[in-house]
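Could you take me round this model, stop by stop, telling me what to select in the viewer and what I will find there? Please begin with a pair of packed helices.

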Amino acid sequence: MTRLSVEMLAADAPEPITSAGHAQLGIAVLAGIAVIVLLITKFKLHAFLALTIGSLTLGAIAGAPLDKVLTSFSAGLGTTVAGVGVLIALGAILGKMLADSGGADQIVDTILDRAGGRSMPWAMVLIASVIGLPLFFEVGIVLLIPVVLMVAKRGNYSLMRIGIPALAGLSVMHGLVPPHPGPLVAIDAVGADLGITLALGVLVAIPTVIIAGPVFSKYAARWVDVPAPEKMIPQRASEELDKRPGFGATLFTVLLPVILMLAKALVDIVIDDPENLVQRVFDVIGAPMIALLASVLVGIFTLLRPAGFSKERISPLVEKSLMPIAGILLIVGAGGGFKQTLIDTGVGQMVLDISQDWAIPALLLAWLIAVVIRLATGSATVATVSAAGLVAPLAADMSSTHAALLVLAIGAGSLFFSHVNDAGFWMVKEYFGLSVGQNIKTWSVMETIISVVAGGIVLLLSLVI
C-alpha cells in the first residue's frame, strides 16, 4: 500500500487558518459533525443549512477567525459547484428526457419481454444499472419502483426477489460510478483521473451488484415475504408504443457519455502524449461536460423527436428537469464548503499525521471515515464529500490507479447501512409498504452488503494493480 511522505506534504501544504493542535482539531471535527447530525436528524433541518452551520462550528471551535472560515467555506462551495454543477444539471436534463419520452419504458419493456422466471431478478438488476447511469438515485427510485411493483404483481413474484436487484443496481451506480455527484466530488477532491475511476468503478460494480442484488434477494425474499402493495401500483405512462423512441437509440443515448469518457481514458493510456492531436481531441470529447452535453443533444433527436416532442416543448422540459436539482446542488456545494473548511483548518494534515502511526491502509481508512459519516448523517453524498475532504492528503503520492481506488473506497463506505436518518430508507419503505423492521432486514442489509463487498474488492485490487 502506498504511504505518504509527511515532510514533503507539509512543505507543499498551504498554511492552515488556525494554529490549533491535534486535540483541539479533533474536538472541532467531532463537534462540527455532531452539529450536522443533530440538525439533520433531530431538527429536520435541510442538509444545506446543516452543513453550513456545521462548517462555522468546526472553524469556531478550531480557533480560526470566522472571516477566514467564511472565505474557506465560500471558496469550497464555489469550486465544487463549478466543478460538478453543470454535470449535475446535464444529468438531470438527460434523465428527464429519458423519462418523459418513454425511452425508459422502452428499455424496461424490451428487457422484460425477453426475461422470465429465474432470469427476472437478473433482468431487473440490468435494467436498474443501465437506467441508473444518468439518473440520480431518488429519480431512479421514482422511475423504477412502479415498474418493480407491476412486474411483481403481473408475474406473481416475491416483491423482494424483484425489488432488491433493482435497488442494488441503482445504489451501486449512485455510489461508485461517475457522473453521479458523489463520485465526481470525490474525484475532484483527491485529484483522481475520471476515466480511470469510471473504468475501475464499473469493474467493482459488476460483482458487487450481483452479490447484493440477485444473490441476496433470495434471502431477502425468505426473510420478508410481502406482495406488491395494491395502492402503490400506478398506471404507467407512455403506453403508445409507436410514440416511443427505439430501444437501440435509447440505449445508445444513455451509454454515450460513458462510451466517450472511457474512450478518452483508453486513448490517454495508449498514446500517452499530451501534444498528440488525437489525444487532445479525445481529451475534449471525453471531458464529462462535453460527453453529457453530447448525450443531451443527441437525445433531442433520438428520444424527444420520435416521441413527438415539438421544438416548443423542449425548453419547458429542460426547465422542469432543472428545478428539482436546486437542493442537490446546494447540498453538494455546502459539502464542498465543509470539505474546504476541513482542509484549511488543518484537519486533513492532522488525519495524515495520525494515520502514519496506524497500521491501517489508506484505502481502509478512507472507507471507515465514510462509514462513520454515513451512519451519522444518513446521506451518502454528505459522507462522500466530507470523507473526501478529510482523506484528500492521502492521495498526494498515490499513482493515478490508487487515487481512483481511493475514490471508490470512499464511495463504498458512503453506502453503509442506510437507516432512519436516510431519505432513501423512507422512500423504499413507503413504496414497498414495509415496516421499519422489514426495511432494515432488506434495504439496510443490502446497502451494507454493497459497502462491504465493494470495499473489499477495492482493497483486493489495490494489491494487484
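Select helix 9 (residues 181-190) together with helix 19: their crossing is right-handed (the near helix is turned clockwise from the far one by less than a right angle; anticlockwise would be left-handed). Their axes come within 9 Å and cross at roughly 135°, with axes taken as lines fitted to C-alpha atoms, for helices over the stretch in contact, and angles running from 0 to 180 degrees between N-to-C directions. Helix 9 and helix 19 are therefore oblique to each other; angles under 35 degrees count as roughly parallel, over 145 as roughly antiparallel, 65 to 115 as roughly perpendicular and the rest as oblique. Show side chains next: Pro183, Ala186, Ile187 and Val190 of helix 9 meet Ala403, Leu406 and Val407 of helix 19, where meeting, or contact, means heavy atoms within 4.5 Å.

A word on what you are viewing: this is a predicted model, in which local features need pLDDT of at least 70 and side-chain atom pairs count only at pLDDT 80 or more, while totals for chains, interfaces and linings use all residues. Residues are numbered from 1 along each chain as its sequence is written, and side-chain values use heavy atoms, with hydrogens and water left out. Helices are DSSP runs (H or I, at least four residues), numbered from the N terminus.

From helix 19, step into the loop that leads to helix 20 (423-432), and pick Phe417 there. Its phi is near 40°, a positive value in a residue other than glycine. Phe417 is partly exposed, at a relative accessible area of 28% (buried means under 20%, exposed over 50%, partly exposed in between, with a 1.4 Å probe and protein chains only). For a second positive phi, go to Lys44, at about 55° and also not a glycine. You will find Lys44 in the loop between helix 2 (22-41) and helix 3 (47-61), and it is exposed, with a relative accessible area of 65%.

Now colour helix 4 (residues 66-100) and helix 14 (residues 311-322), which pack at an angle of about 120° with their axes 8 Å apart. That makes helix 4 oblique to helix 14, and the crossing is right-handed. Among the helix 4 residues at this meeting are Ala89, Ile93 and Asp100, with Leu317 and Val318 included on the helix 14 side. Stay on Asp100: it is partly exposed, at 33% relative accessible area. Draw a line from its C-alpha to that of Val458, 358 residues apart along the chain, and the separation is 37 Å.

Next comes helix 5 (residues 103-113), where 10 of the 11 residues are buried, so it is largely enclosed by the rest of the structure. Phe247, in helix 11 (residues 247-271), is in contact with Gln106, Ile107, Thr110 and Ile111, leaving aside neighbours within four places in sequence. Phe247 itself is partly exposed, with a relative accessible area of 28%.

Finish inside helix 8 (residues 159-176): 18 of its 18 residues are buried, so it is largely enclosed by the rest of the structure. Which residues have the most contacts inside the largest nonpolar core? They are Leu159, Met160, Phe432 and Met446, in a core of 149 residues (buried Ala, Val, Leu, Ile, Met, Phe, Trp, Tyr and Cys residues joined through side-chain atoms within 4.5 Å). Centre on Phe432 to see its contacts beyond four places in sequence, including Leu159, Met160, Gly163 and Leu167.

Conventions
Helix = DSSP H or I, 4+ residues; strand = E, 2+ residues; numbered from the N terminus.
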